[in-house]
Amino acid sequence: MDILIVDDNAVQRKILRSQLARLGYDVREATDGVDAWTQLQREPSPIVITDWMMPGLDGPELIVRIRAADFPGYTYVILLTAKDQRTDMIAGLDAGADDYLIKPCDLHELRARVAIAARIVDLEQRLRTARDTDALTGLRNRGAISTAAQTELARAQRSGEPLSVALLDVDHFKQVNDHYGHQVGDQALRLVAAVVRQHVRPYDLVGRWGGEEFLLVIGAGEADATAVAERVRSKIAVTPLVLADGQQVTITASLGVASTEHGGERTLEALVHTADLALYRAKAEGRNCVRVAHDVTLPSTTTTSSV
């Protein structure tokens, strides 16, 4: 587990790094609060051990920033201080610290308190994964993929880079359920999820949108996103669902692609709606194909909407 040590004293950082490394932790260092804040924005750390008194940005001020940040997981903060008065400790905890250590640190106390931090971070990660995961397919559920897509859309708007989404719908899924039963239908959805996950790029996002629909969030323009969608479609079509009796069921899917590439700010709601129109066209034009929203105008709005 990763730990960020924040201290303007190089000797103190070296001592802590040595102790934590012996305990098996991966350790990063920041030379002061400003350096720590810069690092955390670039790469959040699940555990931060920060000194109280530092120039520029002290420990409590750093903690306030951490608590206000929208990091993907919880950051457990241990405040390291030479202050040993009860009022000082309470002030540190009030700033948002989870725990504190008084310098010089006793190795056994350090080990125990960091072990507590690791257990809490691990529990939070497991609870968050359970909350965000679709139980049937193992993909992100609708809430999680919506949140992740909103984050990617905001990032793309800040950087000026394009972002695309592809809405995937399993063809004739009701017929699969009606003919083979819902258990086979569930197997079909798990198969589609596995194929999609295997054939998107490592940095693309995938989630179950609802029912037999899946949402792909593709960090690319229209042409590259269409290529990803076509690869997924073709792989699904040639990967049959094999039943317990050896029978093979062919599964196909239709996809609609929409991109921010053509200018103007977009909400996720507008982007997904446009992909849905392209998906409707794919269904109308024979299914098992990819259609792109070339001729559909996205609503232009700066209002953030939840999908």
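**View 1. R287 and its neighbours in the loop between α10 and β12.** In this predicted model, R287 counts as partly exposed, because its relative accessibility comes out at 33%. R287 sits in the loop between α10 and β12, and its phi is near 65°, a positive value in a residue other than glycine. N288 is found in that loop too, between α10 and β12, with a phi near 50°, again positive without being a glycine. At a relative accessible area of 29%, N288 is partly exposed. Why are those two phi values worth a look? Because most residues other than glycine have a negative phi. G286 also lies in the loop between α10 and β12, and at 57% relative accessibility G286 counts as exposed. If you want a long ruler across the model, take G286 and A68: they are 218 residues apart along the chain, and their C-alpha atoms are separated by 50 Å.

**View 2. A cis peptide bond between K103 and P104.** Here the bond joining K103 and P104 is cis, with omega at about -5°. P104 has its place in the loop between β5 (99-102) and α5. For context, most peptide bonds are trans.

**View 3. The largest nonpolar core, with V196 in it.** This core has 35 residues, and those with the most contacts inside it are L168, V196, L216, I236 and I251. Several elements chip in two or more residues: β6 (164-170), α7 (173-180), α8 (182-199), β8 (213-218), α9 (222-237), β11 (253-259) and β12 (290-292). Which element gives the most to this core? That would be α8, with 8 residues. Zooming in on V196, and skipping residues up to four places away in sequence, you find it touching L168, V206, L216, V232 and I236. Apart from this core lies another one, of 20 residues, with A149, L215, A258 and L271 among them. As a general backdrop, nonpolar side chains in soluble globular proteins tend to be buried together.

**View 4. Helix α7 and its two sides.** The buried residues of α7 are F173, V176 and N177. Looking down the axis of α7, these buried residues fall within an arc of 95°, so they line one face of the helix. They pack against β6 and α8. Flip to the other side of α7 and you meet K174, Q175, D178 and H179, which are exposed. Right after α7 comes G181, whose phi is positive, near 100°.

**View 5. L163 and T260, two buried loop residues in contact.** L163 is found in the loop between α6 and β6, while T260 is found in the loop between β11 and α10 (268-284). Buried or exposed? L163 counts as buried, at 2% relative accessibility, and T260 counts as buried as well, at 14%. Leaving aside neighbours within four places in sequence, L163 is in contact with A149, E152, L153, A156, V217, I218, G219, A220, A258, S259, T260 and L271. From the T260 end, with residues up to four places away not counted, the list reads L153, E161, P162, L163, R266 and L271. L163 and E109 are 54 residues apart in sequence, and their C-alpha atoms are 48 Å apart in space.

**View 6. V77 in strand β4.** V77 has its place in strand β4 (residues 76-81). With a relative accessible area of 0%, V77 is buried. Which residues does V77 contact, leaving aside its neighbours within four places in sequence? They are V48, T50, I63, I66, R67, A97, D98 and D99. For another distance to try, V77 and L107 are 30 residues apart in sequence and 18 Å apart in space, C-alpha to C-alpha.

**View 7. The largest pocket and its lining.** About 680 Å³ of space lies in the largest pocket. Its lining takes in 22 residues, and the closest to the pocket's centre are P72, A144, T147, A148 and T151. The elements giving two or more residues to the lining are α5 (107-132) and α6 (142-159). Of the elements, α6 gives the most to this lining, with 9 residues. By residue type, the lining splits into 8 nonpolar, 6 polar and 8 charged.

Notes:
Residues are numbered from 1 along each chain as its sequence is written. This is a predicted model: local features need pLDDT of at least 70, side-chain atom pairs count only at pLDDT 80 or more; totals for chains, interfaces and linings use all residues. Side-chain values use heavy atoms; hydrogens and water are left out. A nonpolar core is a set of buried Ala, Val, Leu, Ile, Met, Phe, Trp, Tyr and Cys residues joined through side-chain atoms within 4.5 Å. Buried means under 20% relative accessible area, exposed over 50%, partly exposed in between (1.4 Å probe, protein chains only). Helices (H or I, at least four residues) and strands (E, at least two) are DSSP runs, numbered from the N terminus. Contact means heavy atoms within 4.5 Å. The arc is that of the directions from the helix axis to the C-beta atoms. On a 1 Å grid over the protein atoms alone, a cavity is a set of points where a 1.4 Å probe fits but cannot get out, and a pocket is an open set with protein on both sides within 12 Å along at least five of seven lines; lining residues have an atom within 4 Å of a point. Grid points are joined across faces, edges and corners, and a volume is the space filled by probe spheres set on the points. Ala, Val, Leu, Ile, Met, Phe, Trp, Tyr, Cys and Pro count as nonpolar, Asp, Glu, Lys and Arg as charged, and the others, Gly among them, as polar.
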